[in-house]
Amino acid sequence: MNTSEPLRLTKLAKRAGCAAKHPPGFLLPLLGLLPTITDPNVLIGSSTADDAAVYRMSDDLALVYTTDFFTPIVDVPRDFGRVAAANALSDVYAMGGKPLMALSIVGFPDTLPATVLGEILAGASEIASEAGIAIVGGHTIKSEEPIFGLAVVGTVHPEHVLSNAGAKPGDVLILTKPLGLGIISTAAKNDQDTTSAISEAIRVMTTLNRAAAEVLTRYEVHALTDVTGFGLLGHLRNITAASGVTADVYFAAVPILAAAIEYVKAGIAPGGTRANRKFLTDWVEFAPDSPEWEQLLLCDAQTSGGLLAAVPDAIADEVVKALAEAGTLASEIVGKITGVGTGKIRVV
Ligand code: CO
Ligand code: CO
């Protein structure tokens with residue numbers, strides 16, 4: 001490595017998270033080949049494509065169990081640790097749970113100094129303590145490129161689990177962070193981030209979904225997920241398919257980081273975002289005049305994105321107000337559940 005140049009972690013990431021040859025969702029049919037889960041205490045397994053598994057320990061206690069890890073999407077090691085930790089913790093919040101503790105999952109190259117891993121771990125610990133938990137251990141292997149993430153365990157009341165299934169016709173869809181994180185990260189990685197939007201994107205990605213989850217769990221929420229690698233429309237599809245409903249998304253109401261609009265119009269988008277859009281053609285009907293950049297934004301692969309909630313129309317305004325008061329990065333009504341169906345989505 002040329003020591004005169006600053007270390008840029010993203011330049012070491014050879015496999016960009018979702019940009020693999022396999023299309024999004026390729027794993028789902030494979031999961032169907034595994035033995036059926038028969039343990040009645042497994043309240044949430046793999047069948048609803050949910051954010052985490054949930055296991056009932058007793059009538060009033062269930063464990064939420066999840067893991068998430070990836071190669072660097074930001075350059076500064078401490079930021080990488082912070083983003084990865086916020087992203088992994090998010091899957092516990094997305095089930096309506098509270099995190100208890102976490103283990104780190106690390107792949108680390110021999111070619112990097114150990115201090116880099118120290119920074120990644122310090123960043124992750126910073127976010128874990130914001131979540132009120134500790135990283136209590138983990139496992140590290142040698143790998144060609146850095147990999148970092150967490151396995152997180154949390155708790156939830158078995159009757160208050162929030163999954164992808166449960167959205168009902170008439171529900172309103174609320175989103176708690178702006179979109180565009182994948183597009184901006186890709187611009188930064190490719191030296192095309194002309195407005196230095198990555199710092200705002202990092203602020204968004206390192207913001208825990210804790211405050212949003214604490215508000216949402218006070219209300220009657222029918223379905224909840226976080227918006228990550230499949231983008232807004234991909235994760236909404238997981239909700240509509242698992243719930244047996246159809247939905248409308250209001251493009252004009254979707255919060256989007258301004259730089260992402262500029263960059264995607266200039267043709268910048270991650271491979272994962274393009275793959276999402278392709279995968280979703282069978283599920284999503286865009287307005288006939290909708291430009292490609294609009295479609296890409298709604299499919300943009302997020303890291304540590306916001307929560308997407310389906311709540312009854314009657315309480316939607318109150319929930320939006322409570323989210324805004326709690327200081328969530330966004331609190332917009334971005335669509336609604338329109339009827340019973342097979343999961344189809346219209347962008348209007
Ligand atoms: Co998730
Ligand atoms: Co996840």
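**Helix H10 and the cobalt site**

Helix H10 (residues 292-299) is largely enclosed by the rest of the structure, because 6 of its 8 residues are buried. The analysis refers to a predicted model. The buried positions of H10 comprise Glu294, Gln295, Leu296, Leu297, Leu298 and Cys299. Their packing partners are four helices, namely H4 (181-189), H7 (231-243), H8 (258-265) and H9 (271-279), together with strand S13 (345-347).

The arrangement of H9 against H10 was examined further. The two helices pack at an angle of about 100°, and their axes are 8 Å apart. H9 is therefore roughly perpendicular to H10, since angles of 65 to 115 degrees fall in that class. On the H9 side, the contact involves Thr273, Arg274, Asn276 and Arg277, which meet Glu292, Gln295, Leu296 and Cys299 of H10. By residue character, this contact between H9 and H10 divides into 2 nonpolar, 3 polar and 3 charged residues.

A separate part of the analysis concerns the metal ions. The cobalt ion (ligand 2) is coordinated by the OD atoms of Asp68 and Asp91, at 1.9 to 2.0 Å. Asp68 belongs to strand S3 (residues 61-70) and Asp91 to helix H2 (residues 77-93), so the pair ties together parts that are 23 residues apart in sequence. Asp91 also coordinates the cobalt ion (ligand 1), and the two ions are 3.5 Å apart. The two aspartates fall into separate accessibility classes: Asp91 counts as buried because its relative accessibility is 5%, whereas Asp68, at 23%, counts as partly exposed. The threshold behind this assignment is 20% relative accessible area, under which a residue is buried.

Conventions
Residues are numbered from 1 along each chain as its sequence is written. Chains are lettered from A and ligands numbered from 1 in the order in which they are written. This is a predicted model: local features need pLDDT of at least 70, side-chain atom pairs count only at pLDDT 80 or more; totals for chains, interfaces and linings use all residues. Side-chain values use heavy atoms; hydrogens and water are left out. Donors are N, O and S atoms within 2.8 Å of the metal (3.2 Å for Na, K and Ca); water is not among the atoms, so sites may look incomplete. Buried means under 20% relative accessible area, exposed over 50%, partly exposed in between (1.4 Å probe, protein chains only). Contact means heavy atoms within 4.5 Å. Axes are lines fitted to C-alpha atoms, for helices over the stretch in contact, and angles run from 0 to 180 degrees between N-to-C directions. Angles under 35 degrees count as roughly parallel, over 145 as roughly antiparallel, 65 to 115 as roughly perpendicular and the rest as oblique. Ala, Val, Leu, Ile, Met, Phe, Trp, Tyr, Cys and Pro count as nonpolar, Asp, Glu, Lys and Arg as charged, and the others, Gly among them, as polar.
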